[in-house]
Amino acid sequence: MLQRRLDEMNQRWHHLKAKSMAIRNRLESNTEHWNALLLSLRELIEWVIRKDTELTGLGPVCGDVAALQKQEDDHRGFRRQLEDKRPIVENNLLSGRQYIANEPPLSDTSDSEAGRELDGDSRGYRSAEEQARELTRSIRREVNKLSEQWNALIERSDAWKRKLDDTANRAP
């Protein structure tokens, strides 16, 4: 009878270990997914910055009809690039916001304070909870940054288009 109970206990133990490994694998997979989102957000921020620089390089509005036409063509091409990228940007922002919404709210600690929390272990080990908090903090920061910079780029592009239209209407 004792042997049977030990066998049952051993069987439950192996079942519990298998379940634990499945949970760990699922958590690692989720972490990889959210880290990929974070990387994607950062790449989109860099793209928006490049496009903002490109918009600045389009130069001042010229009064010459041919130059004005070229600037309008350049702006149409530029705007087409923004519209092509819009679904990707909006999808990444939505995914990031959904991740943040599903996470418990962070305390009001600053990033520097969070850094001190992570430095607590001299071996550089961070618990899964600390890693999750840092991932949430990073995604929140990058979502906010991308959202602000994307909206500013769209507004600058709209303002540039209005300026081109105004100049074209005033041209003889």
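Biologist: What share of the contacts in the chain with a separation of 6 or more comes from residues 24 or more positions apart?

Modeller: Residues 24 or more positions apart account for 85% of those contacts. Bear in mind that this is a predicted model. A pair such as I139 and L41 illustrates the idea: the two are 98 residues apart in sequence, and their C-alpha atoms are 8.0 Å apart in space.

Biologist: Which elements make up the chain, from the N terminus on?

Modeller: The order is α-α-α-α, with four helices and zero strands.

Biologist: How can I check the length of a helix such as α2?

Modeller: Count its residues and allow 1.5 Å for each. The 38 residues of α2 should therefore span 56 Å, and its end C-alpha atoms are 54 Å apart, which agrees.

Biologist: Where in α2 is there a kink?

Modeller: Look at K85, where α2 has a kink of about 40°, shortly before the proline P87. While you are on this helix, go to its start as well: there a side-chain oxygen of D64 reaches to within 3.1 Å of the backbone nitrogen of A66.

Biologist: Why do residues three or four places apart in an α-helix point the same way?

Modeller: An α-helix has 3.6 residues a turn, so residues at that spacing point the same way. Here are two cases to find on screen. In helix α2, the side chain of D73 makes a polar contact with the side chain of R76, at 2.3 Å. In helix α1, the side chain of K51 makes a polar contact with the side chain of E54, at 2.8 Å.

Biologist: Are D73 and K51 buried or exposed?

Modeller: Read the relative accessibility against the cut-offs: under 20% is buried and over 50% is exposed. D73 has 37%, so D73 counts as partly exposed. K51 has a relative accessible area of 9%, so K51 is buried. Leaving out residues up to four places away in sequence, K51 touches F78, Q81, L82 and L153.

Biologist: How much of the chain counts as buried?

Modeller: Of its 172 residues, 26% count as buried. The accessible surface of the chain comes to about 12000 Å², and 52% of that belongs to carbon and sulfur atoms.

Biologist: Which residues have the most contacts inside the largest nonpolar core?

Modeller: They are L82, I139, L146 and W150, in a core of 25 residues. The elements giving two or more residues to this core are α1 (2-57), α2 (65-102) and α4 (128-170).

Biologist: What is L82 in contact with, leaving aside its neighbours within four places in sequence?

Modeller: The partners of L82 are W47, K51, W150, L153, I154 and S157. K51 is the buried lysine we met earlier.

Biologist: And which residues does I139 contact, beyond its neighbours within four places in sequence?

Modeller: I139 is found in helix α4 and is in contact with W34, L37, L38, L41, G96, Y99 and I100. Its relative accessible area is 0%, so I139 is buried.

Biologist: One more residue of α4, please: is E142 buried or exposed?

Modeller: E142, which lies in helix α4, has 6% relative accessibility and so counts as buried. With neighbours within four places in sequence left aside, the contacts of E142 are L38, L41, R42 and I45. L38 and L41 also appear among the contacts of I139.

Methods: Residues numbered from 1 in each chain as written. Predicted model: local features only at pLDDT ≥ 70, side-chain atom pairs only at ≥ 80, totals over all residues. Heavy atoms only, no water. Core = buried A, V, L, I, M, F, W, Y, C linked by side-chain atoms within 4.5 Å. Buried < 20%, exposed > 50% of the residue type's maximum accessible area, 1.4 Å probe, protein only. Contact = heavy atoms within 4.5 Å. Areas by Shrake-Rupley, 256 points an atom, 1.4 Å probe, with all protein chains shown as cover. Expected span 1.5 Å × (residues − 1). Bend = angle between axes of the 7 residues up to and from the residue. Polar contact = N/O pair within 3.5 Å; in protein donor to acceptor, adjacent residues only side chain to side chain.
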